[in-house]
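Q: Got a minute to walk me through a couple of strands in this one?

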Amino acid sequence: MQQYFIKGNPQSPLVVTDKDTAKHMFSVMRLKEGNQVTLVFDDGVKRLAQVLDPSQQSLAILEELADNTELPVQVTIASGFPKGDKLEFITQKATELGACALWAFPADWSVAKWDGKKLAKKSEKLEKIAQGAAEQSKRNLIPEVKLFDKKADFLAQLGQFNTIVVAYEEAAKEGEAATLLQTVKGLAKGDKLLFIFGPEGGLSPDEIVAFRQAGAVSAGLGPRILRAETAPLYALSTVSVLTELIQ
């Protein structure tokens, strides 16, 4: 069954006013009268809805659904600006894997340099990617996308998290294997977890010091060195296995 995110509060009957959503529902998918879909509003609750009139883009809400696919903990992925379209890839896959927010910041060793105008366009593109991935993976929410113009602004946000883990290449080289598992196993339901990843060149020593001063712990991600776009997916998969599959 198709799923769509609708801005605002639930009401019935409902008229779909977002042009992109309406186009996908009634032009691309060709929904007809009587067809049923799942709608998710700002409250994150899934609701079964039925098409009333395709020409008016109207639907009736039938019932609330108990389905909840969110991770037990709130995971934010923060990456140093990577090159090319890697952030698009990270956004799509991290959304599918359950991240609740996707952040990026100008790391010391980031090759990519994005000014305010480009950041705005990039954010808009990433938000659309996150929405599409959230619909495809049947999420209850669309992850927040936030691109920081200044690293100081990113650092100022670190106090809101219960736990911060920095994926540090040097820790992996040293054979460190326990920190990630111990940290994730120690999380309680609803905790806010931040993972910080470097760009292609990694994180600088100064950045590691700053993150540790903010309360972060450094962790390796297995015995192999992972690419900038692979590491966040490894971390999210670890969280899913330890918090959802292992009881």
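A: Sure, here is a chat about some strands and their neighbours.

A: It's a predicted model, where local features need pLDDT of at least 70, side-chain atom pairs count only at pLDDT 80 or more, and totals for chains, interfaces and linings use all residues. Residues are numbered from 1 along each chain as its sequence is written, and side-chain values use heavy atoms, with hydrogens and water left out.

Q: Okay, why is β7 largely enclosed?
A: Five of the five residues of β7 (residues 101-105) are buried, so the rest of the structure largely encloses that strand. Buried means under 20% relative accessible area, with a 1.4 Å probe and protein chains only. Strands are DSSP runs (E, at least two residues) and helices are too (H or I, at least four), numbered from the N terminus.

Q: Which residues sit on each side of β7?
A: Ala 101, Trp 103 and Phe 105 are on one side, Leu 102 and Ala 104 on the other, and all are buried.

Q: How does β6 pair with β7?
A: Parallel, over five bridges; strands pair if DSSP finds at least two bridges between them. Phe 105 in β7 is the bridge partner of Gly 80.

Q: And what about β8?
A: β8 (residues 144-147) runs parallel to β7, joined by four bridges. There, Val 145 stands opposite Leu 102.

Q: Switching topic, which strands pair with β9?
A: β10 (residues 192-197) does, parallel over four bridges, and β11 (residues 217-219) does, parallel over three. Val 165 has Phe 195 in β10 as its bridge partner, while Ala 167 has Ala 219 in β11.

Key:
Buried < 20%, exposed > 50% of the residue type's maximum accessible area, 1.4 Å probe, protein only.
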